[in-house]
Amino acid sequence: MLVFLPVSLEEAFDAFEQCPDAHFLAGGTDFMVEVNFALRRPPAVVCLRRVEELQGWRVEGSEVVLGAGITYTELLAPRLGELLPGLAQASRTVGSPQIRNAGTVGGNLGTASPAGDSLPVLAALDAKIVVASKHGRRSLELADLIVGPKRTTLAPGEVIVEVRVPAALGSQQFLKVGTRNAMVIAVANVALVADWAGRSVRCALGSVGPVVIRAREAEEFISARIDWEGRTPPSDGDLAEFTALVRSAARPIDDHRSTADYRRHSVGVCAERALGRVFSGDNREASERTSWAS
Ligand SMILES: Cc1cc2nc3c(=O)[nH]c(=O)nc-3n(C[C@H](O)[C@H](O)[C@H](O)COP(=O)(O)OP(=O)(O)OC[C@H]3O[C@@H](n4cnc5c(N)ncnc54)[C@H](O)[C@@H]3O)c2cc1C
């Protein structure tokens with residue numbers, strides 16, 4: 001197998017041009033599992049770990065720009081945790097320290113699993129994903145990049161370069177339900193952002209459909225009911241209606257990890273708790289898994 005080790009995007013594009021059957025490799029935490037199970041037999045790989053343009057992060061105006069090669073461990077750094085608390089909460093729930101050291105946001109997007117933990121957060125933040133190839137760059141919403149389970153609209157040779165998200169937007173919560181407390185793929189996960197300035201709640205659901213789902217009806221309902229000036233918690237009735245609308249937005253399936261019914265129940269519990277935490281000012285480790293939501 002041919003291995004390319006480019007240090008710039010240009011070199012990565014050149015490598016792909018030389019070998020159009022090559023696969024891109026970042027942390028390898030999804031990719032190598034597939035290779036080990038003989039689900040992939042790439043004739044060549046283009047390693048992205050040394051590509052300068054994919055590393056690190058920066059603030060540009062009101063946006064944080066994350067290089068696609070940023071790892072979960074890097075997302076947990078205190079400064080980034082303040083700017084993107086929802087993503088830090090999600091990162092804390094990913095795999096183990098080894099997986100968090102190697103796994104990247106670009107890889108989570110590239111794999112496009114419905115259970116990817118960074119994805120609901122990116123959806124709730126209305127992230128823009130910048131992709132590039134030899135032929136130019138384009139910027140996509142998450143829903144235009146990930147179009148099905150493990151299906152993206154990336155063209156051959158196209159690399160996810162960066163993710164642009166608003167800095168320190170409102171209050172952010174991420175909750176995940178799994179069958180145990182560590183090293184677990186989400187049975188359901190929820191990201192919720194309460195944008196105090198924009199007077200809107202955004203709520204994205206993972207692992208309950210073929211792609212991440214924005215619970216738009218629930219968002220509109222609760223955004224109109226919230227007392228944005230007083231920041232008083234929604235009434236019990238409004239909270240119950242919000243939870244019901246979240247559940248009705250889910251399109252879960254039965255599989256070896258969970259039943260559809262349990263998944264639907266779980267996203268409701270997570271969304272209700274996330275909204276509650278936003279108003280209680282309870283920003284303690286919301287990333288703690290809500291194992292066996294009750
Ligand atoms: C033990 C274990 C536990 C895990 N736990 C979790 C978990 O809790 N939550 C979770 O969400 N995931 C989990 N994962 C899955 C995995 O760690 C994540 O999806 C991770 O983000 C993948 O990133 P990576 O850099 O390792 O991607 P890789 O494995 O290198 O690549 C994954 C895919 O994305 C493509 N790709 C990577 N980078 C780019 C790029 N810049 N441009 C274009 N395509 C690209 C690759 O070609 C490949 O198809 C776990 C995996 C393991 C093995």
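**View 1. Helix α7 gives the largest share of the shell around the ligand, 5 residues.** In this predicted model, local features need pLDDT of at least 70 and side-chain atom pairs count only at pLDDT 80 or more, while totals for chains, interfaces and linings use all residues. Residues are numbered from 1 along each chain as its sequence is written, and side-chain values use heavy atoms, with hydrogens and water left out. At least two shell residues each come from β2 (23–25), α2 (31–36), α6 (97–102), α7 (105–111) and β10 (159–166). Helices (H or I, at least four residues) and strands (E, at least two) are DSSP runs, numbered from the N terminus.

**View 2. Meet the neighbours of the ligand.** Around the ligand there are 33 residues, of which F24, T29, D30, Y72 and T104 come nearest; a residue is near if one of its heavy atoms lies within 4 Å. Domain 1 (1–53) and domain 2 (171–280) both contribute to this shell, so the ligand lies between them; the domain bounds come from an automatic or database assignment.

**View 3. Here are some polar contacts of the ligand (pairs of N or O atoms within 3.5 Å).** A polar side-chain atom of T29 sits 2.6 Å from a ligand oxygen. For F31, a backbone N or O atom is 2.7 Å from an oxygen of the ligand.

**View 4. Look for disulfides, and you will find 0 in the whole structure.** A disulfide is a pair of cysteine sulfur atoms within 2.5 Å. The sulfur of C19 is 12 Å from its closest cysteine sulfur, in C47, which is too far for a bond.

Terms used:
Polar contact = N/O pair within 3.5 Å; in protein donor to acceptor, adjacent residues only side chain to side chain.
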